[in-house]
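Visitor: I am new to this structure and would like a close look at a single part of it. Please take one loop, go through it slowly, and then place it in the rest of the chain.

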Amino acid sequence: MSVAELKERHLAATETLNNLKQRLNQTRRSLLDTDVAGYARSQGKSAVTFGPTDLVCCRTLQGHTGKVYSLDWTSEKTRIVSASQDGRLIVWNALTRQKIHAIKLPCAWVMTCAFSPTGQSIACGGLDNACSIFNLNSTTDKDGNLPVTRMLSGHKGYISSCQYVPDEDTHLITGSGDQTCVLWDITTGLKTSVFGGEFQSGHTADVLSVSINGSNSRIFASGSCDATARLWDTRVASRAVRAFHGHEGDVNSVKFFPDGNRFGTGSEDGTCRLFDIRTGHQLQVYSQKHSDDKTHPVTSIAFSISGRLLFAGYTNGDCYVWDTLLAKVVLNLGSLQDSHEDRVTCLGLAADGSALCTGSWDTNLKIWAFGGHRRVI
């Protein structure tokens, strides 16, 4: 069989496959006769009642001199690490506002940071295309700076996101502008697996966010500038398990739902969405215009410990608290007196769900505590 005949057969097979995928998607859509909110309303469910006194700003963390781009909590909920355009990582005592560490970075253009599960190490990355690891127990150098313990090099684009594998200080996953995600062995500094790249099932544009499934650490999700989110299994390197469509803009943030069977996304198109990893279906769209009657991009999302609330930060400084069941905004932190004065770039929930931290271009971080009967939801 000639090369020309092989190419012709390949094109025909590809066309058949695409037609079957289209028919399958049409069948799936025809079966989706409702969404989460529609079903909840049909069951007589009522929205969460939430007022300004139920979530209040109890502390403002001041110390960065540049825009804050990323933050993360330790598992014991007492410390927060933040990364800023001022070229520093700051480790904060969340209870006292005290700066425990101020780490000068090898590259000022940092985009992401993460605590290890034990809280003994920090990972960060940015426009230097590398992920730097700092051991907080290391001895500082003569200038008082904490040295880089390990440099994970190998991406061909900027590092947009990183997350340690739960219960392991030795492995983490990075997302990059080179369209791939990588699982790293920190002990050796080598790649364990690469996800995407030249393979057809991978992302076709920059990866912006990753989230590891808390119920099954072998599974993680990624969001990309190609307007899709993808599901990966670390045991099956390179090829995505499933692709999730629906957004009309960059997927800036992905976060797994507490039960591990769903994940949420936040996008440049101004919407958040909830997807089911078992069926691939979109379960709900969270969309509402802001006080200026405009739609603003979503920069970061997080779920409450029960999953009933979805927190979403926006480029105009708003931070919506969504009722995930009824798809209603129950509170806008951006409308409160102590709100941020610029774009909310990152947010994260304490491990026990008792507090939310938000970071902004206004150089500050704010800790929002649940009050009264809303201690944890």
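Guide: The starting point is K77, which sits in the loop between strand 2 and strand 3, the latter covering residues 79-84. What follows describes a predicted model. K77 is not a glycine, yet its phi is positive, at about 65°. Its relative accessibility is 36%, and because buried means under 20% and exposed over 50%, K77 counts as partly exposed.

From this loop the view can move to the one before strand 2. H64 is located between strand 1, residues 55-61, and strand 2, residues 68-73. Whereas K77 is partly exposed, H64 has a relative accessibility of 6% and so counts as buried. Two polar contacts involve the side chain of H64. One, at 2.7 Å, reaches the side chain of S82. The other, at 2.9 Å, joins H64 to the side chain of D86. With residues up to four places away in sequence left out, the residues that H64 touches include S82, A83, S84 and D86. R88, I90 and W92 are also among them, and so are T363 and L365.

L365 leads on to another residue, C357. This cysteine is part of strand 27, which runs over residues 355-360. The relative accessibility of C357 is 0%, so it counts as buried. Setting aside residues up to four places away in sequence, C357 touches L365, a residue on its list together with K366 and I367. The same list holds L71, W73 and I80, as well as C346, L347 and G348. L365 is therefore touched by H64 and by C357. C357 can also be placed relative to A94: the two are 263 residues apart along the chain, and their C-alpha atoms are separated by 9.3 Å.

A further loop follows strand 4. Q98 lies between strand 4, residues 88-93, and strand 5, residues 99-104. With a relative accessible area of 49%, Q98 is partly exposed, as the limit for exposed is over 50%. Apart from neighbours within four places in sequence, Q98 is in contact with V91, W92 and N93. W92 is also one of the residues touched by H64. In sequence Q98 is 36 residues from Q62, and the C-alpha to C-alpha distance between them is 9.7 Å.

P147 belongs to the loop that runs between strand 8 (130-135) and strand 9 (150-153). Its relative accessibility is 33%, so P147 counts as partly exposed. Not counting residues up to four places away in sequence, P147 touches F134, S138, T139 and T140. P147 and I103 are 44 residues apart in sequence, with 8.7 Å between their C-alpha atoms.

One more loop can be set beside that of K77. It lies between strand 21, residues 282-286, and strand 22, residues 298-303, and H290 is found there. D293 is in the loop between strand 21 and strand 22 too. D293 has a positive phi of about 65° and is not a glycine, and K77 likewise has a positive phi of about 65° without being a glycine. At a relative accessible area of 54%, D293 is exposed. H290, by contrast, is buried, with a relative accessible area of 6%. The side chain of H290 makes a polar contact of 2.6 Å with the side chain of D318. Beyond neighbours within four places in sequence, H290 is in contact with T295, H296, Y314, N316, D318 and Y320.

Finally, the chain as a whole. Its secondary structure comes to 2 helices and 28 strands. The radius of gyration is 21 Å, close to the 21 Å that the globule rule gives for 377 residues, so the chain is as compact as a globular protein of that length. The C-alpha trace spans about 70 × 55 × 35 Å along its principal axes. Of the 377 residues, 53% count as buried. Among contacts with a separation of 6 or more, 48% are between residues 24 or more positions apart. The accessible surface is about 17,000 Å², and carbon and sulfur atoms account for 48% of that. The chain has 37 positive and 36 negative charges, whose mean positions are 3 Å apart.

Terms used
Residues are numbered from 1 along each chain as its sequence is written. This is a predicted model: local features need pLDDT of at least 70, side-chain atom pairs count only at pLDDT 80 or more; totals for chains, interfaces and linings use all residues. Side-chain values use heavy atoms; hydrogens and water are left out. Helices (H or I, at least four residues) and strands (E, at least two) are DSSP runs, numbered from the N terminus. Buried means under 20% relative accessible area, exposed over 50%, partly exposed in between (1.4 Å probe, protein chains only). A polar contact is a pair of N or O atoms within 3.5 Å; within protein, one must be able to donate a hydrogen and the other to accept it, and residues adjacent in sequence count only if both atoms are side-chain atoms. Contact means heavy atoms within 4.5 Å. The radius of gyration is taken over C-alpha atoms; the globule rule is 2.2 Å times the number of residues to the power 0.38. Accessible areas come from the Shrake-Rupley method with a 1.4 Å probe; for residues, only the protein chains shown count as cover. Lys and Arg count as positive and Asp and Glu as negative; His and the chain ends are not counted. The place of a charge is taken as NZ of Lys, CZ of Arg, CG of Asp or CD of Glu.
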